[in-house]
Amino acid sequence: MLVFLPLLLSLTVSAIGSPTEKRAKAKLITKCTVSNTVALTFDDGPYIYLNDVVDTVKKANAKGTFFFNGNNYGCIYDDAMVQRVKYAYDNGFQVASHTWAHKDLTKLTSDQIDSEMSRTEEAIRKITGATPAYTRPPYGNVNDLVYSVAGSRGQTLVTWDFDSGDSTGSTVNQQKQAYDELVSKHPNTILSLEHEVYGSPLFYALKCDRSLTRTRSSVLQETTAHEVLPYVISKLQGAGYKLVTLSECLNTSPYLKTGAPSTRDATWKC
């Protein structure tokens, strides 16, 4: 029997494999599949405009999806941030991961990628009780390692097929025009990229140049939530589109599992 021991050990090690080999590589979603749907998605939060986005979309009997960072425009575990995440989730919006600190995953090691993903998934689970099934890689950047790590975590990767331009300094009118041109072509589905954290060219300048003296809050007179979003919703619904969550536009489940939220403890920190 001893002669079979090395073979048995070899087979056991092979069966265990490395963490990134336990599951197939993640899929990358770039567009919706359910006809006549639009998935409005909002990146980089939670931030101070989240509730406004939720209220604006909900008022139109529509839904959307938030891709949250763990520590980008503030720590997701801060009391105010926790309440915003809960507000989105409790109002029927899908919540998903945008990784922890908005790093370019293609420049990280396997362990670093796993940390960026796992920490955000854990935070969302603690706050809402739901473990997200979708991750949007920052900048939309992916490589084989990102696919492998995401797959090992059971995550599906998501990008977009339309960028509103709000994160690159487009004015309100430019964003509206971009949507006008898109709707005029009337694609079967739309998976759009918006951000809940900026909207005006001056704010974009502040984001790039921290030496400017005026604060973010004082210059956010043109925002995705307050000016662009109401126009976009009206435009899209007027064209006959149904505004839904990401999972609804794909006919899939938004979460790997759901349960009760956790009680705040010493681990709720960034």
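Which unit do strand 3, helix 3 and strand 4 make? Keep that in mind while you get your bearings; the tour reaches it shortly.

**Start with the whole chain**

This is a predicted model, so colour it by pLDDT before anything else. The protein averages 87, and 82% of the residues score at least 70. Now select residues 1-21: pLDDT is below 50 there, and the stretch has six contacts beyond near neighbours in sequence. Do likewise with residues 199-222, where pLDDT also stays under 50. For that second stretch the model has 42 contacts beyond four places in sequence. Where pLDDT is low, don't read the predicted coordinates in detail.

Switch to cartoon and you can pick out ten helices and eleven strands. Of the 270 residues, 47% count as buried. If you show the surface, you are looking at about 12,700 Å² of exposed area, with carbon and sulfur atoms supplying 51% of it. The chain also reaches across its own sequence: of the contacts between residues at least 6 apart, 78% join residues at least 24 apart.

**Select 65-97**

Back to the opening question: strand 3, helix 3 (residues 79-90) and strand 4 make a right-handed β-α-β unit. Strand 3 (residues 65-68) and strand 4 run parallel, joined by four bridges. To see one pairing, click Phe68 and look across to Ser97, its bridge partner in strand 4.

Stay on strand 4, residues 94-97, and show side chains. Both of its faces are covered. Gln94 and Ala96 are buried on one side, while Val95 and Ser97 are buried on the other.

**Into the core**

Phe68 turns up again here. The largest nonpolar core has 44 residues, and Phe68 is among those that touch the most other members, along with Leu40, Phe66, Ile76, Ala88, Leu236 and Leu243. Elements giving two or more residues to this core include strand 2 (37-43), helix 2 (50-59), strand 3, helix 3 and helix 9 (224-238). Highlight helix 9 in particular: with six residues, this helix gives the most.

Next, centre on Leu243. Which residues is Leu243 in contact with, leaving aside neighbours within four places in sequence? Show Val38, Leu40, Ala62, Lys63, Ile233, Leu236 and Gln237, and you have the set.

**Last stop**

Finally, select Ala133, Tyr134, Val158 and Val244. These belong to a second, separate core of 13 residues.

Key:
Residues are numbered from 1 along each chain as its sequence is written. This is a predicted model: local features need pLDDT of at least 70, side-chain atom pairs count only at pLDDT 80 or more; totals for chains, interfaces and linings use all residues. Side-chain values use heavy atoms; hydrogens and water are left out. pLDDT is the predictor's confidence in each residue, from 0 to 100. Contact means heavy atoms within 4.5 Å. Buried means under 20% relative accessible area, exposed over 50%, partly exposed in between (1.4 Å probe, protein chains only). Accessible areas come from the Shrake-Rupley method with a 1.4 Å probe; for residues, only the protein chains shown count as cover. Two strands pair if DSSP finds at least two bridges between them. A crossover is right-handed if, with the strands pointing away from the viewer, the path from the first strand over the helix to the second runs clockwise. A nonpolar core is a set of buried Ala, Val, Leu, Ile, Met, Phe, Trp, Tyr and Cys residues joined through side-chain atoms within 4.5 Å.
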